[in-house]
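Work through the three exercises below with the structure open. Each task is followed by a solution in steps.

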Amino acid sequence: MKKHRTRAYISVLVLATILIAGMLVPVPRFDKPLSVVTESEDGRLMGAHIASDGQWRFPQADSVNRKYRSAVVNCEDRYFYSHPGVNPVSLVRSLYLNIKNHEIVSGGSTITMQLARMSGDNPPRTVPRKMLEILMALKMELLCSKEEILGLYAANAPFGGNVVGIESASWRYFGRQPDDLSWAEACMLAVLPNAPSMIYPGRNDPRLKIKRDELLKMLWKRGVIDSTTCRLALAEPLPEKVYDLPSLAPHITGKYITDGRGGRFKTTLDYDLQEKVMTLADRQLQVNSRNEVHNIAAVVVEVESGKILAYAGNVNTDKDEHGGMVDMITAPRSTGSILKPFLYAAMLESGELLPDMLVPDVPVEFSGYSPKNFNLEYNGAVPAAQALQRSLNVPAVEMLRGYSPDRFLLFLRGMGFSTFNRDADHYGLSLILGGGEASLLELAGSYAWMALKLKNYDKKEYERAWCCPYYDNKMKKEQEDLDGLPLSAASIWFTFKALQDVNRPQGRIGWKSFSSSGKIAWKTGTSFGFRDAWAIGFNADYVVGVWAGNADGEGRPGLTGVTCAAPLLFDVFDLLGEGEWFEPPTSEMEEVEICLESGHRASSMCTKTAMMMIPRSGLISPVCPYHEMIHLSSDLKYRVTDDCYSPAEMKHVSWFVLPPAQEWYYRKQHPEYHNLPGWLPGCNSRTGEGNLELLYPRNLQGLYVPVEHDGQRGKIVFEAAPRNINNTLYWHLDDRYIGETRLIHQVGLAPEPGEHILTIVDSDGNQFTQKINILGDGEGSRGQGAGSREEMRNER
């Protein structure tokens, strides 16, 4: 009885010791640094970066490939699914072999025990260490499923060199994901952790193939694979090189690297589209590089979801000397004329503009700032929508002057732009022609925001995620309420309609004949000095944005949005296929009578009108100011007054009359425009004002007389425009007669520094008088006078 009691005590003591030891034994942990792994939305590898400790160590996958699972279990631990973490038979056999050979030739470790050993960085094999691994394996089996244990093993096993884990090994040695491994490849990876030094692509140890082939034959004998599969697998060679990992989205991968986080990150990118966009961008870059333009970027946004489907941050990533690793999608760059649609929409929204309303297009100068149209021509006056379609600079500056840079800055910030962080005085009127900077990401996001509101204008509740390629919360902006967008659907629709009529770039002439082209609205821009080329296009489904240029800001002649960015834009839309277009938001529109000559709401004087739809905000826009009632002789040849002509014989006619400067250019391109008839001889005009206008210079309060190349004082060229093109102009300076001009009314003057009075009189007696201020050397700031002014020209 006493013996039985002693045995019981001993058994309890042993059991208690085991339990206490089990509680104290740590669970294997793997907290080594991980590689950055980025994936497409469907889980395909887009890019990866080595871990901070120099190892290719991918995060653990959700599951283990079937072929590799079968291979590693049959190779390392045939009874893995039946033992509790320790296989006594294997331990006894290993003990026998080790004693017999007087050295350690077999460890008898199960996969679970090997995992415990890996967690300790493979320490020397000793009996105490073996006992610890046994206890760790037993504990692990109690806490984890077999699949979890196998997943940990596959993710942390060494595969030679700096390759850790089955996934990184599969990509490095075979250039494909584990699910696509062949039986030969899976078997090679299964035997490799036992002797990882045997792998060296191009100079592999012959024993590696022997061990692989032995495992393949074992799988055949055990019925895992058939004889044909085995025979074909035995014929496969070992890998001859190490593969580079995919790099389809290096700048997104780089964002996570910068954040110092390793792990697996899913993006919104469409793998196939990303691959094709990168290829197209590279092809366009080859064309651009002939002109020493070395960088290009493109982004594709899905309107409905706000997801970024393709993100080519910079195609030229292999040449560091050209800044290929700079993410040009997020880099602020000079906008050129790409912001013009936003001003057009803002003025539609405020009721200050209607789509076809005439805006001035004549030479202007504002405190030394003298914008020019790209073709250096002027139209006098041009419909606002046409000015946007043709990307005319002077009308855009005139529109901004009326709207004010302060209001436009507030509007841009309300649209989500974060880069306009200076006050309006800093930007001035140049804001509309590239005086500020924006990123391609925010430009595309703003257009996508407008497109979504227009697409869903009749829905009471809808919201979207801000354009972002990242899924994790840390890198995604909070959702924005579309009610906060400072535009109505009607203003957006008319803006998009204007952009839809823009001609496509060279090489696509006749595109309107092809239905496959689909309905696309688009806009280009080129920054001052030909440094940045932009192209933005969109329909109801997608927004595509493209930037081209040099990351270091070097300008190149011919670097324009049309030639360097737009071709890629349309190539991408060809990939996307024909998209949907927007339905007009008629509930936010009103039908009103429009003057067909001025584009304003018709006044009682307008003779050519039509009923047209306009944004409801346009109801407060001014009526046509250009039609006036004039009094003509009975033969309709002359203007008359009641001082010289019988009122009973007068003909009263409504006449479309532009200001003289606008008329001067407008009539050159509009032969249907009729100048006001001249005055009947003997009749004197009562309206000398407004019949004579100075075209250039516009700012007369700070002029410099230019200095010629030989150092001599040059002349300031003054140009005027009379209402009657046949009139002669008589020029005076300080009551001193200078001369007369006919047809071409230009005079060169070189006044001394100080104030002067310029007087111009035409043959009808109309007079223009203005004080001018000539600055001397050292006065004011050079570059603001007529003789040395900065001109801003942008791409159409």
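A residue counts as buried when its relative accessible area is under 20%. The model is predicted.

**Exercise 1. Compare the expected span of helix H18 with the distance between its end C-alpha atoms, then decide how far the helix is enclosed.**

Step 1. Helix H18 covers residues 440-455, which is 16 residues.
Step 2. At 1.5 Å a residue, H18 should span 22 Å. The expected span is 1.5 Å times one less than the number of residues.
Step 3. The end C-alpha atoms of H18 are 22 Å apart, in agreement with the expected span.
Step 4. Of the 16 residues of H18, 15 are buried, so the rest of the structure largely encloses this helix.

**Exercise 2. Describe how helix H8 packs against helix H9, and classify the residues of the contact.**

Step 1. H8 (residues 183-191) and H9 (residues 206-221) pack at about 115 degrees, and their axes are 9 Å apart.
Step 2. The crossing of H8 past H9 is right-handed.
Step 3. H8 contributes Trp183, Ala184, Cys187, Met188, Ala190 and Val191 to the contact. From H9 come Leu208, Lys211, Arg212, Leu215, Leu216 and Leu219.
Step 4. These residues divide into 10 nonpolar, 2 charged and no polar.

**Exercise 3. Which strands stand at the edges of the open sheet of 5 strands?**

Step 1. The strand order is E7-E6-E17-E16-E15, and the pairing is antiparallel.
Step 2. E7 (308-312) and E15 (521-526) each have a single partner strand, so they are the edges, and one side of each lacks a neighbour in the sheet.
Step 3. Neighbouring strands are turned by 10 degrees against each other on average, direction ignored.
Step 4. Within the sheet, 7 bridges join E16 (residues 532-538) to E17 (residues 542-549). Ala533 has Ala548 in E17 as its bridge partner.

Methods:
Residues are numbered from 1 along each chain as its sequence is written. This is a predicted model: local features need pLDDT of at least 70, side-chain atom pairs count only at pLDDT 80 or more; totals for chains, interfaces and linings use all residues. Side-chain values use heavy atoms; hydrogens and water are left out. Axes are lines fitted to C-alpha atoms, for helices over the stretch in contact, and angles run from 0 to 180 degrees between N-to-C directions. Helices (H or I, at least four residues) and strands (E, at least two) are DSSP runs, numbered from the N terminus. A crossing is left-handed if the near helix is turned anticlockwise from the far one by less than a right angle, and right-handed if clockwise. Contact means heavy atoms within 4.5 Å. Ala, Val, Leu, Ile, Met, Phe, Trp, Tyr, Cys and Pro count as nonpolar, Asp, Glu, Lys and Arg as charged, and the others, Gly among them, as polar. Buried means under 20% relative accessible area, exposed over 50%, partly exposed in between (1.4 Å probe, protein chains only). Two strands pair if DSSP finds at least two bridges between them.
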